[in-house]
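Visitor: I would love a close look at one part of this model, the surroundings of the ligand. Could you take me through that, and then on to the pocket?

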Amino acid sequence: METRIHIFDTTLRDGEQSPGASMDEHEKLQMAAQLERLGVDVIEAGFPIASEQEYQGVRRIAKAVKTCHVAALARAVRPDIERAASALEPAAKPHLHTFIATSDLHLEHKLRMTREQVLENVHNAVSLAKSLVPRVEFSAEDSTRSDWAYLVEVVKVAVAAGADVINLPDTVGYTTPSEIKGMFQHVIANVPGSDKVIFSSHNHNDLGLAVANALAAVEGGARQVECTVSGIGERAGNTSLEEFVMAVHTRHQVYPYTCGINTKELVPSSTLLSKITGLVIPYNKPIVGRNAFAHESGIHQHGMLANSQTYEIMTPESVGRSRSELVLGKHSGRAGLASRAKTLGYELDAEELSQLYDKFIDLADKKKEVFDDDLRMLIVALRNEEFEVCHLEMVRTYGGNPSMALVRIRRGDEPVIEAMATGDGPVDAVCRAIEKGINVEGRLEQFDIRATTPGKEALGEAYVTVQIQGKNYKGNGADTDIVVAAAQAYLNALNKYIALKASFETQEAPKAAQG
Ligand code: KIV
Ligand code: ZN
């Protein structure tokens, strides 16, 4: 029997649906490039029918990704399927993922369809998808609360219509390991031709069982596992990619399977996601949390010194974390910086390297030790700047409460803007000064600030969500001065609004000319 497990990553679709995890097109592209480095088999890039932006985002990822399949989600209806197929056109390896619910609860209350109607729908949707895209996945949403006999009928129809992958999701995180294993065994044993398709498991973590259920599903015959980086996703999240992969890797005798993941990219993937979205990785999160390899008690430290295996079942290096995360000193050259950035997974061109070097020296001047996470944060901030319309050149604040702020902003070749404002504290004052300077008003919906690494001189990361004209824009910034980090984050969000507005204006211009 095939022992290779395919890793289907849905960070950019199911993960991105979770509160606080939304990403713009450029951020999704950065994440997709990292997922390719990580070695996933499938990247689910989004749900193209949801919006024009989502459609364009999937299309750009489809064009950029070369080694993995790129999947697009579609409900089992013609407009969704055609839109998804169109978004996948530029993909080297397209994968269309269509779904419909199969539990009586969903049929009665959500779909208002009979079992027969759903069967017909499955046939039509999979046949249409297969006529447009060579690889088709069918998901029976809420499988784990569906009647097994009916589930078998649904899967028979999907397989006969040409589905290549059959996914049986635990949509609400309700099942248990022994139950899900039984479900896969039952369906696989009762569907003719089941050996010709790949069975897939997609689990939510409402009871904290997603990883355990994915492992049990594999024991029951699933050969694809759908997961997300750091386990982000609807409600309590999805199967955590790093936990599933390292369970298979570390307990190979119990789980004699392989997957194509480069485990050294696990921590970089999780860190990048956190830097992009601002989602905090819990310190005690397995594999990727800050404390996952920290040993505090004297007894443990003693054991570790004698032999690290006494208290570690895997090494930090194997998941992409070095024991000493000290990067470089103030006197390090450009070559050293480029090589360290490369080790962390970032290929920088000469221009980027030169900009990064200036930022790095600036940071190394303020901070004695520069860590890998600092460097990652600098690179994420630098790549944000490529898309910025307005650039923050200077921030000064005075006083306590109220505070006064002065900002200097550059917008392309236009004369430099200086603006001053007062506010309740320095952060409020800089945000008001920025708004005044660029003439855009927003409402700060969320503001998070945290240190990148331990220590008094740590780099402060700021994440904001700003509401402008009823729509939310996210921004981030990093600086050793947290007020400057907050100002950068605020301007970053406002820049996204300005860029989006400009893109609509350019789209609308020809229409206006016609009229
Ligand atoms: O949880 C779920 O059932 C899903 C499907 C669309 C696969 O996300
Ligand atoms: Zn899901």
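Guide: Here is a walk through the ligand shell, followed by the pocket.

This is a predicted model, in which local features need pLDDT of at least 70 and side-chain atom pairs count only at pLDDT 80 or more, while totals for chains, interfaces and linings use all residues. Residues are numbered from 1 along each chain as its sequence is written, chains are lettered from A and ligands numbered from 1 in the order in which they are written, and side-chain values use heavy atoms, with hydrogens and water left out.

Let us start with ligand 1. Around it are Arg13, Asp14, His97, Phe99, Ser139, Glu141, Asn167, Pro169, Thr171, His202 and His204, where a residue is near if one of its heavy atoms lies within 4 Å. By class, this shell has 2 nonpolar, 6 polar and 3 charged residues (Ala, Val, Leu, Ile, Met, Phe, Trp, Tyr, Cys and Pro count as nonpolar, Asp, Glu, Lys and Arg as charged, and the others, Gly among them, as polar).

Three side chains make polar contacts, meaning pairs of N or O atoms within 3.5 Å. An N or O atom in the side chain of Arg13 is 3.0 Å from an oxygen atom of ligand 1. For His202, a polar side-chain atom is 3.1 Å from a ligand 1 oxygen, and for His204 the distance is 3.0 Å. On its own, ligand 1 has 260 Å² of accessible area, and the protein covers 94% of this (Shrake-Rupley method, 1.4 Å probe). Helix 1 (11-15), strand 4 (94-101) and strand 5 (136-141) each give two or more residues to the shell; helices (H or I, at least four residues) and strands (E, at least two) are DSSP runs, numbered from the N terminus.

Now to the largest pocket, with a volume of about 1200 Å³. A pocket is an open set of points on a 1 Å grid over the protein atoms alone, where a 1.4 Å probe fits, with protein on both sides within 12 Å along at least five of seven lines; lining residues have an atom within 4 Å of a point. The volume is the space filled by probe spheres set on the points, which are joined across faces, edges and corners. Of its 38 lining residues, Met23, Asp24, Glu25, Gln53 and Leu500 lie nearest the centre. Helix 17 gives the most, with 8 residues.

Terms used:
A polar contact is a pair of N or O atoms within 3.5 Å; within protein, one must be able to donate a hydrogen and the other to accept it, and residues adjacent in sequence count only if both atoms are side-chain atoms.
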